[in-house]
Amino acid sequence: MPKAIGIKPEDWRFCVAPMMQYTDRHYRYLARRLSVHARLYTEMVVASALVRGDARHLLAFDTFERPVALQLGGSDPRELALAARMGEDFGYAEINLNVGCPSDRVQAGRFGACLIAEPGLVAECVATMSDAVQIPVTVKTRLGVDTLDSQPHLESLVSQVAAAGCAVLILHARKALLNFSPRANREIPPLQYERVYAIKQAFPALPVVINGGIQSLAECSRHLAEVEGVMLGRAAYADLDLLARVDEVLFKAAPKPFSEAGLIEGLGDYVERRVAEGVPLRHIARHWAGLRQGRPGARAWRHWLGTHLTRDGSGAAPFIAEAARLLRALEGSPEGEQTPALRAS
Ligand SMILES: Cc1cc2nc3c(=O)[nH]c(=O)nc-3n(C[C@H](O)[C@H](O)[C@H](O)COP(=O)(O)O)c2cc1C
């Protein structure tokens, strides 16, 4: 049965996009300290890897990160349903199906963006997953693939997945080009926000989240006049200050004083716990590069982080104390600097 009935579309008002090698559990823990309301997505997990591999390792997350959506890749309905059930049992809040990734690896596995050409199969996957779990099943896709990118084709895909039980549609406002790299696919196909708005108008009952190229909270507010939610990837990752303002600007939460040094000190217990489990410190702290983005001292901070990340031997506590000391000094620094946006790999 569709889970759309009973969901609260405001839960998708601001989402941080799934990003391989970026939105891992350590990033999500940090992101949750910055925003109570943001909806966080895992990196894509391939359903077959989950079903046949080390599910405990692939699914592990800290309850503090909740709500977290698990993004799955795959096109075998039975395998996806099993993987979705595992995600639900682990405590994820949503299962999202990736119908937009254009990498060679996913094309060989017949999932991701190439599924845009197979709406019937996507609908079957959604229906089977939806039957297997109580939590919402959602779809993240693009406007089209290669020459198959007309609005009627997109409408047909959306109508079939909605009928199959898709609770929320996340639309990256570009088509996918299968002969280009994933990186090129995030820049070359033009953004067409108006086509996402048109889908919202054609499917008024289906909550729609718009994604692609959104850089600021002011832009988010403009999109939110048209659709239920916005999803930011690179900007949310690269600019932690933007994430720190989401609750106040988009959810009307009371303003909270924000100190980057205080944030890092507050992560101390988490870092110590993970390091005690054998996680290298650099796997956690590499996500802190987005602190001071576009503000005085950004370069000095990134330089310090870059040179100290490799020194795992010194221990978590001294690393955190030193990082906090530097950030506190930079918070009062007069040096002005603008930094480029994240160049994703
Ligand atoms: C490094 C990187 C990894 C990504 N990995 C995934 C992924 O695992 N699943 C997915 O659906 N999209 C993935 N994406 C695409 C993002 O979710 C998002 O759709 C895209 O970056 C456009 O949003 P943005 O302009 O706000 O970054 C990735 C993007 C980047 C930059």
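In this predicted model, 10 residues of domain 1 meet 11 residues of domain 2 in the contact between the two domains. The domain assignment places domain 1 at residues 9–251 and domain 2 at residues 260–331, and the C-alpha centres of the two domains are 29 Å apart. On the side of domain 1 that touches domain 2, the elements that supply two or more residues are α1 (25–34), α10 (234–238) and α11 (240–251). Helix α1 provides the largest share of this side, with five residues. Sorted by class, the side of domain 1 that touches domain 2 holds six nonpolar residues, one polar residue and three charged residues.

Within domain 1, which spans residues 9–251, a group of strands and helices can be followed step by step. A good place to begin is strand β7, residues 169–172. Its side chains point in two directions: Leu-169 and Leu-171 go one way, while Ile-170 and His-172 go the other. This is a pattern worth remembering, because side chains in a regular strand alternate between the two faces of the sheet. In β7, the residues pointing either way are all buried.

Strand β7 has a partner in β6, to which four bridges join it in a parallel arrangement. One pair to look for in the structure is Val-139 with its bridge partner in β7, Leu-169. Between these two strands the chain passes through α7, and the resulting β-α-β crossover is right-handed.

Strand β7 also pairs with strand β8 (residues 208–211), again through four bridges and in the parallel sense. Here Leu-169 appears once more, this time with Val-208 of β8 as its bridge partner. Helix α8, residues 193–202, belongs with β7 and β8 to a β-α-β unit that is right-handed.

Helix α6 (residues 119–132) offers a friendly piece of arithmetic. Its 14 residues, at 1.5 Å a residue, should span 20 Å, and the C-alpha atoms at its ends are indeed 20 Å apart, so expectation and model agree. Many positions along the helix can be located in the structure as buried residues: Val-122, Ala-123, Cys-125, Val-126, Ala-127, Thr-128, Met-129, Ser-130 and Ala-132. The cover over these buried residues includes two helices, α4 (77–90) and α7 (151–164), together with two strands, β5 (94–99) and β6 (137–142). Two of these elements have already been met: β6 is joined to β7 by bridges, and α7 lies on the path of the chain from β6 to β7.

Conventions
Residues are numbered from 1 along each chain as its sequence is written. This is a predicted model: local features need pLDDT of at least 70, side-chain atom pairs count only at pLDDT 80 or more; totals for chains, interfaces and linings use all residues. The expected span of a helix is 1.5 Å times one less than its number of residues. A residue is buried if 20 or more other C-beta atoms lie within 10 Å of its own, exposed if 12 or fewer, and partly exposed in between; C-beta atoms are placed from the backbone. Two residues are in contact if their C-beta atoms, placed from the backbone, lie within 7 Å. Domain bounds come from an automatic or database domain assignment. Ala, Val, Leu, Ile, Met, Phe, Trp, Tyr, Cys and Pro count as nonpolar, Asp, Glu, Lys and Arg as charged, and the others, Gly among them, as polar. Two strands pair if DSSP finds at least two bridges between them. A crossover is right-handed if, with the strands pointing away from the viewer, the path from the first strand over the helix to the second runs clockwise.
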